[in-house]
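Trainee: Could you take me through one part of this structure slowly? I'd like to see how the pieces of a sheet and its neighbours fit together.

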Amino acid sequence: MLQRKMARAPIILLIGVIVAVCYSTAIANAEQYMKYKDPKQPINKRIRDLMKRMTLEEKIGQMTQIERTVAADHVLKKYSIGSILSGGGSVPATHASAEKWIDMVNHFQKNALMQRLGIPMIYAIDAVHGNNNVYKATMFPHNVGLGATRDPELVKRIGAATALEVRATGIPYAFAPCIAVCRDPRWGRCYESYSEDPKIVRSMTEIIPGLQGDIPAGSPKGVPYVGGPDKVMACAKHYVGDGGTVKGINENNTVASWHELLGIHMPAYYDSVIKGVSTVMVSYSSWNGVKMHANRDLITGFLKKAQRFRGFVITDWQAIDKMTTPPHANYTYSIETSINAGIDMVMVPYNYTEFIDGLTYLVNNNFVSMSRIDDAVKRILRVKFTMGLFENPMADYSMAKHLGSQENREVAREAVRKSLVLLKNGKSGDKPLLPLPKKASRILVAGTHANDIGNQCGGWTIQWHGKSGNTTAGTTILSAVRNAVDPETTVSFRVDPDPEFVKSGKFEYAVVVVGEVPYSETYGDNLNLTLPDPGYGIINNVCSSVKCVVVLVTGRPVVIEPYLAGMDAVVAAWLPGSEGQGVADVLFGDYGFTGKLPITWFKNVDQLPMNFGDPHYDPLFPFGYGLTTEPVKAN
């Protein structure tokens, strides 16, 4: 009996050891399994699982967006930074290749993933007319030109092409589209607006499914959507009323009734939210004296609650600093007021420790509630999970081939053709000048914008404000003319030709290309809207001696009434971007003119602001105006 008991003892001990090992293994496996990392789990469960693991410091880190120049390795690991951006012109190297961009983005991402919970960061960039910071990217016409096309399907294709070119550089987030309704062309961002008419702006929100993909049928309203590795997060901006400020002064005050705000500036946001836009950027401007970044009623009350927007709300660049005069005068107030208004992510972009420390203090001292922080982080994580960033955080080098591809350039060229608005075609009693004959003995091309890709692309091109000169790859209008005409036609070019040269040149006709120099934002605010010198002088010198078509390369209507009688034909080409061949396609009749004015062309600036439907409406060319031509069959 005693022997039998002694024999059983090792067996019982062994069973106990096995049970203990199995239990320990089960506990270890349970601890190892993290629901938020399981793509089979519903997104809401993944969000909840991750958030319960996060510290306050990690949550505030997710709410922080910093500029690439301060995104040091240790910063990303320590602070759990939610997003990094390239400001205008902020690049890894001059003329950096797509691969160089991907190298940079992946380096940042590797460091972000080393943080305790391995939450990937989102890299963001302004891609407002193509991936416009990047050398050799396709530069599409700016929005004002796209508004002239009246073609939402084309704009959707532009969105899809832009998404490919943004992904070509490893970036998943584009700060586009701008859905401002420009009510005064004196505003320096008017070219970023599709139209003065909210109906046209609403129709152009088709760029959002182009960028992000079409939301699946039956998707709940307001939930963000990104359709795969060839799509990017979009950003509807700038919420709300940015295009309605007094005298068009950038970042200023929009004076409007609630009815006017809802009827003019808000409608495109309804469409954007319904189409699943991932983010909304708040405007620097004020509505009836209240800074938009402080407007809880409009951000939380109307956008998040009434419209049921489920993506995240982001500030503009250093925008919370600008909530005080002078900027940054009371940063603690700016943080508290903006976060409590409903801001989810702050584009800091440099003084991130001050922001993080300030918001931490405000939470710990009950000035900002933990529920408000959790709402912000939930929204940010929802977008990250939705776009598959946890499963595929690293950029794909195989996408690099899409940067500046011929296929995308053809889409841009089509957009240029459809954006051109023919304002005049022939002097009174004369036959129309356009389309121009391809076969001629000698023709003249003149003007500051004829052979300048930088001028042709405008602001937000390679640099924040853009720059005149040979800034990126593309086809200038001069090159386009030379490509279009008969090989036996002699094309002479002078930027600012001497009147005697014009008179003695025996030119059959001239193409004069003049316009505004590149600008962006406040630097483009302009109370007189005249062409810079020597624009009008070139028009007079050429058009007084030879039949001429004047091509205006501008981001908005400009003063032309005093000079109109002397021009045989006038074309508004807006800011056509890199594919100038589209201008020649229509000038020489391969395609007809079809564009319509997206914005009223005034007689003089004293009439401004003046929009169609106003009692004092007396334009030089009304909203919707545009002469048409038929294609030349021989071409």
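Mentor: Sure! First, a word we'll lean on: two elements are in contact when they have heavy atoms within 4.5 Å. Also keep in mind that this is a predicted model.

Let's look at the open sheet, which is built from 6 strands in the order β12-β17-β16-β15-β13-β14. Its pairing is mixed. As general background, strands of a sheet pair through backbone hydrogen bonds, either parallel or antiparallel. At the edges you'll find β12 (421-425) and β14 (490-494), and each of them pairs on one side only. Going from one strand to the next, the twist averages 15°.

Now zoom in on one pair. Strand β16 covers residues 548-553 and strand β17 covers residues 569-572; they pair in the parallel sense, over 4 bridges. To spot one of these partnerships by eye, find V551: its bridge partner in β17 is V571.

Next come the helices. Helix α20, made of residues 535-543, packs on the sheet and touches β13, β15 and β16. Compare its direction with that of β15 and you get an angle of about 175°. Then there's helix α18, residues 477-484, which lies across β13 (442-446), β14, β15 (509-515) and β16. This helix runs at about 170° to β14, which is one of the edge strands we met earlier.

So, when you turn the model, start from the strand order, find β16 beside β17, and then pick out α18 and α20.

Terms used:
Residues numbered from 1 in each chain as written. Predicted model: local features only at pLDDT ≥ 70, side-chain atom pairs only at ≥ 80, totals over all residues. Heavy atoms only, no water. Pairing = 2+ DSSP bridges. Helix = DSSP H or I, 4+ residues; strand = E, 2+ residues; numbered from the N terminus. Axes fitted to C-alpha atoms, helices over the stretch in contact; angles between N-to-C directions.
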